[in-house]
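Biologist: Could you take a close look at one part of this model for me, the salt bridges, and then place them against the rest of the fold? I'd like the walk-through in one go.

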Amino acid sequence: MATQKEWICPKCGKGKILKGANAYACNYFKSLDDKCDFRIYETYFGKEITDELVEQLISGQETEVFQDLKKKDGSTFSASLFYEDGFIKPKFRNKTLEISCPICQGQIEETPFAYVCENALEKENTSCSLYISKVIAKHRLSSKELEELLTQSHTSSFISDFEDGEGENFSARLLLEEGKIIFNSLVCKCPKCGDGDLRVTKKSYSCSNWKNKSCDFSIWREISFREITPEEIKVLCEDKITPVLKGFKAKDGKKYDGKLSLNDDFKIVIV
Ligand SMILES: [Zn+2]
Ligand SMILES: [Zn+2]
Ligand SMILES: [Zn+2]
């Protein structure tokens with residue numbers, strides 16, 4: 001049997017810390033008035049305490065940062081543990097993401113409101129600008145969207161529940177440029193003029209050459225009571241026809257399916 005290390009109690013300095021059934025406890029006891037009640041419990045916030053951790057804690061070291069410690073209400077947080085004034089206490093830390101910063105390769109920390117590069121958190125001499133709010137124009141970023149932003153600099157799908165300052169809904173993909181989020185409404189190149197950008201606006205998909213009146217290509221976002229997604233429009237513009245789309249509605253309320261097709265005049269027909 002391995003002999004236990006001598007652990008002198010950090011609180012009283014007199015007793016030894018012994019491993020018991022439910023805790024590591026100081027054995028100093030002279031009388032009811034002269035005893036030590038210091039103990040280190042089996043678990044802290046769901047984290048199991050090992051001999052190795054006890055060693056660190058009573059020698060005054062701070063443990064590594066544990067991700068996903070659990071509060072009573074089930075929520076999780078990150079913290080290291082340390083000994084102070086007779087107690088084991090948590091030192092709260094921001095959670096860190098597994099993906100590193102695409103700009104500087106630093107660690108990305110999760111604060112209550114944002115994902116921020118550790119090198120962008122310092123008050124002085126910030127060397128990085130990565131800052132991604134958790135909620136962008138009323139839309140809460142999903143973990144998939146966050147991962148896409150960090151690994152490929154843009155979300156792969158359009159997000160349709162953004163809300164602007166006036167409470168109006170809008171759709172866009174998100175781009176990450178130099179650590180900042182920008183909205184991108186570009187769907188694809190305009191199929192009619194070939195050089196304009198087809199952008200999603202509140203009511204339609206319109207060619208950017210609308211402004212200089214050199215192209216009038218535009219498609220309503222809702223056709224026969226069905227919202228057409230940017231992804232579907234992209235296929236339509238590139239292939240001139242979509243696969244069968246479900247859920248169109250005729251004026252009499254009857255539902256039907258069909259393919260959207262662009263005719264020779266660049267008008268939409270359902271076939
Ligand atoms: Zn003690
Ligand atoms: Zn960085
Ligand atoms: Zn055009």
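Modeller: Sure, here is a tour that starts at the metal site, goes on to the salt bridges and ends at one sheet.

Keep in mind that this is a predicted model. The zinc ion (ligand 1) is held by four sulfur atoms, the SG atoms of Cys9, Cys12, Cys26 and Cys36, at 2.2 to 2.3 Å. The angles among those four donor atoms run from 106 to 114°, and the site is tetrahedral. Along the sequence, the donor residues follow the spacing C-x2-C-x13-C-x9-C. Two of these donors link distant parts of the chain: Cys26 belongs to strand 2 (residues 23–26), while Cys36 sits in the loop between strand 4 (34–35) and strand 5 (39–41), 10 residues apart. Cys26 and Cys36 are both buried.

Now to your salt bridges. The structure has 17 of them. Take Lys16 and Glu6, whose closest N and O atoms are 3.1 Å apart. Both Lys16 and Glu6 lie in the segment before strand 1 (17–19), so this pair ties together parts that are 10 residues apart in sequence. How accessible are the two partners? Lys16 is partly exposed, at a relative accessible area of 34%, whereas Glu6 has 55% relative accessibility and counts as exposed.

Next comes the salt bridge between the side chains of Lys202 and Asp164, at 3.5 Å from N to O. This pair also links distant parts of the chain, 38 residues apart: Lys202 is in the loop between strand 21 (197–200) and strand 22 (204–207), and Asp164 is in the loop between strand 17 and strand 18. Lys202 is partly exposed at 46% relative accessibility, and Asp164 is partly exposed too, at 23%.

Then there's Asp216 with Lys192, where the side chains meet in a salt bridge at 2.7 Å, N to O. Asp216 comes from the loop between strand 22 and strand 23 (218–220) and Lys192 from the loop between strand 20 (186–189) and strand 21, so the pair ties together parts that are 24 residues apart in sequence. Asp216 has a relative accessible area of 43% and is partly exposed; Lys192, at 34%, is partly exposed as well. Elsewhere, salt bridges with shared partners connect Glu62, Lys91 and Arg93 into one network.

Let's go back to Asp164, which sits in the loop between strand 17 and strand 18. Those two strands belong to an open sheet of three, ordered 17-18-19, with antiparallel pairing. Strand 17 (159–163) and strand 19 (180–184) are at the edges with a single partner strand each, so one side of each has no neighbour in the sheet. On average, neighbouring strands here are turned by 60° against each other, direction ignored. Strand 18 (residues 169–177) and strand 19 run antiparallel and are joined by five bridges. As for who faces whom, Glu177 stands opposite Lys180 in strand 19. Helix 3 (residues 143–152) packs on this sheet and touches strand 17, strand 18 and strand 19, its direction making about 40° with that of strand 18.

So that's the loop of Asp164 placed against its sheet: Asp164 lies between strand 17 and strand 18, and its side chain reaches Lys202 in a salt bridge.

Methods
Residues are numbered from 1 along each chain as its sequence is written. Chains are lettered from A and ligands numbered from 1 in the order in which they are written. This is a predicted model: local features need pLDDT of at least 70, side-chain atom pairs count only at pLDDT 80 or more; totals for chains, interfaces and linings use all residues. Side-chain values use heavy atoms; hydrogens and water are left out. Two strands pair if DSSP finds at least two bridges between them. Helices (H or I, at least four residues) and strands (E, at least two) are DSSP runs, numbered from the N terminus. Axes are lines fitted to C-alpha atoms, for helices over the stretch in contact, and angles run from 0 to 180 degrees between N-to-C directions. Contact means heavy atoms within 4.5 Å. A salt bridge is a side-chain nitrogen of Lys or Arg within 4 Å of a carboxyl oxygen of Asp or Glu. Buried means under 20% relative accessible area, exposed over 50%, partly exposed in between (1.4 Å probe, protein chains only). Donors are N, O and S atoms within 2.8 Å of the metal (3.2 Å for Na, K and Ca); water is not among the atoms, so sites may look incomplete. Four donors count as tetrahedral if all angles lie between 85 and 135 degrees; four count as square planar and six as octahedral if opposite donors are over 155 degrees apart and all others between 65 and 115; anything else is irregular.
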